[in-house]
Amino acid sequence: MGDISYLLPLLFVGVGAVVLMLLSYTKSLSISSIAKIALGFLVLAFISNVYYFGELHKVYPYENVFFGMIVSDTYSVYFNSILLVGAIATILIGWDYFRPDRRFTGEFFSLLLFSTFGMMLLVQSAELLSAFIALEIASLSLYVMIGFQTDNIRRVEASYRYLVLGSLSGVLFLFGTALIYASTKTTFLGNIGVELLPQTGKDISLAIGGATLILITFLFKISAFPFQNWTIDVYDGSPLPVSAYMASTFKVAVFAFMLRFVAMDLGYIKDYWDGLLMGVIILTLAYGTFLALAQNNLKRMLASSSIVHTGYLLIAFVSIDIIGESASSSIIYYLIAYFLSAMGAFGLISYISSSDKLRLTYEDFKGFSHVRPYMSAMLSIFMLSLAGLPGTIGFIGKFYIFSGAIEAGYTVLATSAILATFISIYYYFKLIALMYFYPSPILSNVPPLKGLPPIFIGFIAIAVLWGGIGNTFIAFFPSIDFLIDVAKLSHRSLFLQ
Amino acid sequence: MEIGILSVIIFLPMIVSFTLLILPFGVYVTKVVSFSISLVVLFLALSIYSDFQPIGTMQFREFFPWIKSYGIHYSLGIDGFSLTILMLIAIIIPCAYLMLWDGDEPKSYWASMLLIQSGICGTLFSLDLILFYFFWEAMLLPVFMIIGLFGSGNRIYSTLKVTVYTMFGSLFMFVCILYLGVSYYYEFGVWSFELSDIVNITSIRDGYRVFLFVGFMLAFAIKIPLFPFHTWLLETYSNAPTGGVFIFSSIMAKLGVYGILRFVLPIFPDIFVLSAPYFVGIGVFGLIYFGIAAIMQYNIKKMFAYSSASHLGFIVAGVFSLNMYGMSGSVFLIVAHAMATGGLFLLVGVMERNMGIKAISALGGIAKKAPFFTVYFAIMMFCIVGLPSTNGFVSELLIILGIFKFNYIVGIVSTLTVLVAASFMLWMFQRAILQDSDNDVSKMVDLGKKEILALFPLSVLIFVMGIYPDWFLAKIEPTIQHYLFDILKVGM
């Protein structure tokens, strides 16, 4: 098949985005048929992507055209699968939410595909400038998606807030790239690391500054302390499916790029960051926990708790130069664990709120299990997984992160993460307690359990459970071991020549 | 792949429970199915009991890889300790089901009970630390449900409190487990969380080992509960439904002691020996403290809660007395106490159902209204206070002998406490049950056929174990000898 086969996923999504943009001019197509077309492109991309899943390779497709700016390796295939599933899930979950009377039009799906395209490009870029372009494609599409319902002032505010702050962080990225280029005369991942080796005898202080600016962009995008202020308002102000999309996919893409950058190039610079990152982690955990405890709205609670999960992920990130493979594979595993749980939780909430405009506070869920037992069960599964209780994929994810931290000697971080987990039990279990332990339901007009979204969310719930207990007993079914092996292969593929 | 008998005992109740929840059966069918499942488990446990060889090693092993890349195994096995507790659970759970039969709880109550049974058995058989933690935490969820859904009073608050409290302990234990696994990896180059591997670790510095020891002990001390980690106890016991109290007092508390014996003792034998005086002290202090607290209570359920905690302190003191008498006495008391306290809480549950009150002063004169109730209440009570010819007597005597061997002053103190506590309990019995009073107890109904049948085996066992203790001690003695000689190396 040649080089084209490695670019097919990217092409399908990119072409799909353009096609949808053109189609949205014709008013004859209904929004659901446009959604179907979008879904078709995403599924095609997913299939062509899954073809290389778990196969150890690293290819620079069309090197004479792209000069090695775009790479396809086991690592990118793994993350592209997550991103594509995320985009597909967003459409399926929002199936009843995206309606014309809510001012959703065909362009929305075009933007969704553009954003996915940007994220996939980010995962696949092997050069800082193309990474910047990819990041901006993804971000700009997201800004518009957030503010798409222009009749709602909260949407517009969230969009504007994210736009201003996000652009600032993008500028920092660009400036960081310039500084790195000034110091090393290259922007290609892999080459930067070679130039920074102590043997070259260069003054690398500019590069350190540049890399730190890029780190700040990274910390901003994953909403780590002290750059977390936008998170709650933006998540809360966005339409729920878009919050779900942001929470589950964007973080994955940004982490994927940063992991690649640090693993390949910044081994020496990372030492300068250790103290800084440890402070960032502890404050992220503490502040995120504090925020989550203070929330009364479920969407805001999930947004705040996503900050705590960022803290967990950063723990593995900080130990990456000490234990390499197991740290990055634990990040890769945790990302998929968080992706599934958050997607499920946000998705279910957005389904519940799809018929009427609810604030979705904790109080609204009093006695919910008596009206919708299966939905309550699913929501409980997602909460348990986010809390990291055994039997869910969240537990295995935390197991890797914490054991990696101890392995790398960061027992203090592991202990503070355990404390954060302990407190998180409260705000996750509170929802379960409210759903089950109160007699009279208050939520009215909850959509019944039928149609596409609940089935899909049910699958996610099963995946969450399977990820926590699954093993090789049942043949032909991916087990925990399989995912870990793929995660390790992905890490290894970074260093192939 | 062959499914072993231990796996069947763990997963049969769980599968049945989920099936019952999904299928639209009524409460009656659920009760019948739950009860028959508990009988099946009893039958399986009896077959294990008869095949069990009285030697010190693990038997009925099941060993499959679970997460290979981290050396986590699905590893099951039992020895004398776990066998004793398994038999206990297998016998008292069907009895408890019969006692709870006439309550008006819906089927999710019964499904939760089955799930708890699964979790308990899984905890009991696991020999892999991660698997153990898995069941240890998984067990919490149905307990959470059962108190929150069917409790009384400020149930939601007490549910969250007990969950958060126990989670606090177990999460620190989780870090300690991970630390042990990582240390094993650094020392031997492969990952393993298997208990028989973990005990070989030598590379951890002594200071860290004390931290790890404390981490494990914290989790177990909260579950038992040992002084001063008992503050969840009172609310949970008074707000939980009868079944929940029964599970807490007679089984889950014992699992804390079991955890100490199974994991803390082999992994940290030297620290175990060194810290023994402190824990004997804490245990005996708990015995006295909770004993006094029990006397002060006006509410019969709260009184039993404290008296239960008092005995658990005594059990822990016996475990840490580092000799044959104390340890076998503790294992024996685990069984005796589970039967007696379990029985008492179930009886109090019956009383509550009939009369709706729990204050001791409002009772009195029940003996005439309910003779069967009184007889059973008396038997359980005698067992608790350790009257001769009950198994309570045998076990308390053994523990006292063990503590005397450890330190005779502590021995004298604990003997006196047991005697005084016994007299107070009997006084309460006289006031609440026997004595005539002006209180209106007309609503009290005597036990029905099912309940009489339910408590009969327990009562018989209390006497049989009290009169012929050697039959039962023979099964556990080799295990205790193995622990004392081979692991702790303290001799007799």
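What follows is a short exchange on a predicted model, centred on chain A.

Colleague: How many helices and strands does chain A have?
Modeller: This is a predicted model. Its secondary structure in chain A comes as helices and strands. The count is 20 helices and two strands.

Colleague: What radius of gyration does chain A have, against that of a compact globule?
Modeller: Chain A has 497 residues, and a compact globule of that length would come near 23 Å. The C-alpha trace spans about 70 × 55 × 50 Å along its principal axes. The radius for chain A agrees with the globule rule, at 22 Å.

Colleague: What percentage of the residues of chain A count as buried?
Modeller: Start with the contacts between residues at least 6 apart in sequence: 80% join residues at least 24 apart. A residue is buried if 20 or more other C-beta atoms lie within 10 Å of its own. Of the 497 residues, the buried share is 58%.

Colleague: Which helix gives the most to the side of domain 1 of chain A that touches domain 2 of chain A?
Modeller: Domain 1 covers 1-126 and domain 2 covers 271-497 in the domain assignment. Their centres lie 25 Å apart, and 17 residues of domain 1 are in contact with 21 residues of domain 2. That side of domain 1 has nine nonpolar, five polar and three charged residues. Eight residues come from one helix, residues 74-93, which is α4 of chain A.

Colleague: How far apart are the end C-alpha atoms of helix α16 of chain A?
Modeller: The helix runs over residues 373-387, which is 15 residues. At 1.5 Å a residue, the expected span is 21 Å. The model agrees, with the ends apart by 21 Å.

Colleague: How many of the residues of α16(A) are buried?
Modeller: The cover includes α13, α14, α15, α17, α18 and α19 of chain A. Among the buried residues are A:M375, A:F382 and A:L386. Of the 15 residues, the buried number is twelve.

Colleague: Which residue just after α16(A) takes a positive phi?
Modeller: Buried A:A387 belongs to α16(A). Just after this helix, phi turns positive, at about 80°. The residue is A:G388.

Colleague: Which element gives the most to the side of chain A that touches chain B?
Modeller: The contact takes 24 residues from chain A and 27 residues from chain B. On the chain A side, α17, α18 and α20 each give two or more residues. That side divides into 16 nonpolar, five polar and three charged residues. The top contributor, with eleven residues, is α18(A).

Definitions and conventions: Residues numbered from 1 in each chain as written. Chains lettered and ligands numbered in written order. Predicted model: local features only at pLDDT ≥ 70, side-chain atom pairs only at ≥ 80, totals over all residues. Domains from an automatic or database assignment. Contact = placed C-beta atoms within 7 Å. Helix = DSSP H or I, 4+ residues; strand = E, 2+ residues; numbered from the N terminus. Nonpolar A, V, L, I, M, F, W, Y, C, P; charged D, E, K, R; others polar. Rg over C-alpha atoms; globule rule 2.2 N^0.38 Å. Expected span 1.5 Å × (residues − 1).
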